[in-house]
Amino acid sequence: LRIVDGKAYMATNFGVIVLDIEREEFGDTYVLGKITHSCIELGGVIYAATEGGLLRGDTSMNLLDTSNWKLLSNDVYTQLAVFDNSLLALKDKESVYALNLIDGAPIPFCDKGKFAFMHCTNGTLLIGDKTNVFAYSSSADYIQIAEEAKGALWGYTNIGICNVDEGNLNVRAEASKSGKLLHLPERADIPENIKEQAIVELYSK
């Protein structure tokens, strides 16, 4: 899920759904006929990581017509993110790549291992697996915030980068940062006004 200019782009098992958050209504639904693992908008273009490869759709065209979606790469990615003005893509249990927006050519972004997740929030990129987690503040600057963290749940909060291990919350951040845990985050803490029940009801019909 990525929110751009008040619109949320959501990947589904058939394509991409656009939700207008301000109007609290669904916009366009792009039926690609493929399981879509992740989608993202960048520079007026929607990128969709599907089971059949990476698709590119220019929003200046009628994207309800599937012929206007172009196959950018045959590579199958599980997650997409925009970070430091680059389009990043994760191959599950492999590596993170920065993609050429013209031909989809992958350029290795991180050579620190094989990763299972990638998440970008508040200008920080988290990539890692159950063993290692790296936090990037730019393409060139990162800190390793976890080692041998098997069984731990990691996340990024307003007090820093944290993990929950055996019920205990541990704050892992730069030494100059500090914070006090008030409570574990709940759905109500997320500011976006997204009506999940309306989404469930619509696609359950």
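## The loop between strand 9 and strand 10

Asn-85 lies in the loop that joins strand 9 to strand 10 of this predicted model. Although Asn-85 is not a glycine, its phi is positive, at about 65°. The relative accessible area of Asn-85 is 76%, and this residue therefore counts as exposed, the cut-off being over 50%.

Asp-84 is also placed in the loop between strand 9 and strand 10. Asp-84 has a positive phi as well, of about 55°, and it too is not a glycine. With a relative accessible area of 40%, Asp-84 is partly exposed.

## The sheet around the loop

On either side of this loop, strand 9 and strand 10 (residues 86-90) are paired in the antiparallel sense over 5 bridges. Within this pairing, Gln-79 has Leu-90 of strand 10 as its bridge partner. In general, the strands of a sheet pair through backbone hydrogen bonds, in either a parallel or an antiparallel manner.

Strands 9 and 10 belong to an open sheet of 4 strands, arranged in the order 9-10-11-12 with antiparallel pairing. Strand 9 (79-83) and strand 12 (106-108) form the edges, and each of these pairs on one side only. From one strand to the next, the twist averages 35°.

## Cysteines

A search of the whole structure for disulfides finds 0. Cys-39 has a relative accessibility of 4% and so counts as buried. Cys-120, by contrast, is partly exposed, with a relative accessible area of 28%.

Terms used. Residues numbered from 1 in each chain as written. Predicted model: local features only at pLDDT ≥ 70, side-chain atom pairs only at ≥ 80, totals over all residues. Heavy atoms only, no water. Pairing = 2+ DSSP bridges. Helix = DSSP H or I, 4+ residues; strand = E, 2+ residues; numbered from the N terminus. Axes fitted to C-alpha atoms, helices over the stretch in contact; angles between N-to-C directions. Disulfide = S-S within 2.5 Å. Buried < 20%, exposed > 50% of the residue type's maximum accessible area, 1.4 Å probe, protein only.
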